[in-house]
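The following exercises concern the overall form of a protein chain and one of its helices. Each task is followed by a worked solution.

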Amino acid sequence: MHAFGAGPLRALTRDRTRVSFPDGVEAAEGDFAAAASLKQALDGVRSMFLVSRLGPDVDVLHAAHQTGVEHVVLVSSITVQTHPHLGPAAENLAVEQLLETSGMDWTILRPTRFASNALLWAAAIRGNQPVQAPFADIGLPTIHPADIASVARVALTEPGHRGQRYALTGPEQVTARQQVAMLAAELCREIEFAEISREQARSNMVAAFGEEAADAVLDVTGGDVNDELLEVRDTASRITDSPARPFGRWVAENATAFR
C-alpha cells in the first residue's frame, strides 16, 4: 500500500490479489506511473497519504486535485531542513513545493532515519557474517516506521494539522554499534560488528545507489551530521498522545527477518 485516502477509507494497490486490508478498507487498483488510472480509485476520497516518487508526482497530485481530494499528507525527509544542499533533499523539497502549490491542503511529514534501515544487515546476520558499517558510534534519533504511520493517521483524520510541517524522530539517539548489540541480544547470539571507513562503505554503496545518493546517505548517517539532525524531538508522541517507539521495540517486532 503506497497511498490511502479518507472518505471512504480506501487503499491503493497495484495488485489487490497480493495484499490484505482490515475490514472496512476498500482496495482500489491504481498505477502511480500512470496517473490517469488513479482518478477512479480516488473517486470520493477527501484525504490522501502519499509517498513521493512512485510515479510523476506532478501528475499524481494533479489527478488527486481533479478528483476532489482536499488534503494530502506527504512523507518527505528531515534532510530538507538539516541538509538542504544534498541532491535527495532537494528532490524532496521539490515535491513539497509541488504539493503546496497544488490547490489542496497539505501536511508534510519529515522523518529521520528509519529503524527498518537495519534490514540492510539482515542477510549478513542470517549468514553469520560480520555487520559492517561506518560511523559506528554516531547516534541518530532513529524512528520506528509505525510512528510515522501513527502521525499520518492523526493528520488524515483529525483537525488541526493542515498546513503543518512535522519533523519526526524516535525517542532516543541510537548508534549502529548499539543497534547491532540490540539485535544480538534479541537473537540470543553474538553478532560481530566491524566499523569500516567512509571510503570502504562508499565503494559498496555506489553500485546500489549511485554516487550522489551514496554520498548523501553517508553524510547524514555520520559524515556530516549537525545538531538539528541529532535532535530528539517529541513531535510524534505529542501528536499521537502515545510514547514514541524505541529501536528495541522495532527489533523485537522484526527479529524473524534476522533469523
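For the charges considered here, Lys and Arg count as positive and Asp and Glu as negative, while His and the chain ends are not counted. The model is predicted.

**Exercise 1.** Determine how far apart the mean positions of the positive and negative charges of the protein chain are.

*Solution.* Step 1: the protein chain carries 22 positive and 33 negative charges. Step 2: the mean positions of these two sets are 4 Å apart.

**Exercise 2.** Establish how the radius of gyration of the protein chain relates to the globule rule.

*Solution.* Step 1: the protein chain has 12 helices and 9 strands. Step 2: its radius of gyration is 19 Å, close to the 18 Å that the globule rule gives for 259 residues, so the chain is as compact as a globular protein of that length. Step 3: the C-alpha trace spans about 55 × 40 × 35 Å along its principal axes.

**Exercise 3.** State what share of the 259 residues is buried, and describe the accessible surface of the protein chain.

*Solution.* Step 1: with buried meaning under 20% relative accessible area, such residues make up 47% of the chain. Step 2: the accessible surface comes to about 12400 Å², and carbon and sulfur atoms account for 49% of that area.

**Exercise 4.** Identify the buried residues of helix H4 and elements that cover them.

*Solution.* Step 1: helix H4 comprises residues 87-100 and reaches 20 Å from its first C-alpha to its last. Step 2: its buried residues are Gly87, Ala89, Asn92, Val95, Glu96 and Leu99. Step 3: their cover includes helices H2 (57-66), H3 (79-82) and H9 (211-223), together with strands S5 (71-75) and S6 (105-111).

Key. Residues are numbered from 1 along each chain as its sequence is written. This is a predicted model: local features need pLDDT of at least 70, side-chain atom pairs count only at pLDDT 80 or more; totals for chains, interfaces and linings use all residues. Side-chain values use heavy atoms; hydrogens and water are left out. Helices (H or I, at least four residues) and strands (E, at least two) are DSSP runs, numbered from the N terminus. The expected span of a helix is 1.5 Å times one less than its number of residues. Buried means under 20% relative accessible area, exposed over 50%, partly exposed in between (1.4 Å probe, protein chains only). Contact means heavy atoms within 4.5 Å. The radius of gyration is taken over C-alpha atoms; the globule rule is 2.2 Å times the number of residues to the power 0.38. Accessible areas come from the Shrake-Rupley method with a 1.4 Å probe; for residues, only the protein chains shown count as cover. The place of a charge is taken as NZ of Lys, CZ of Arg, CG of Asp or CD of Glu.
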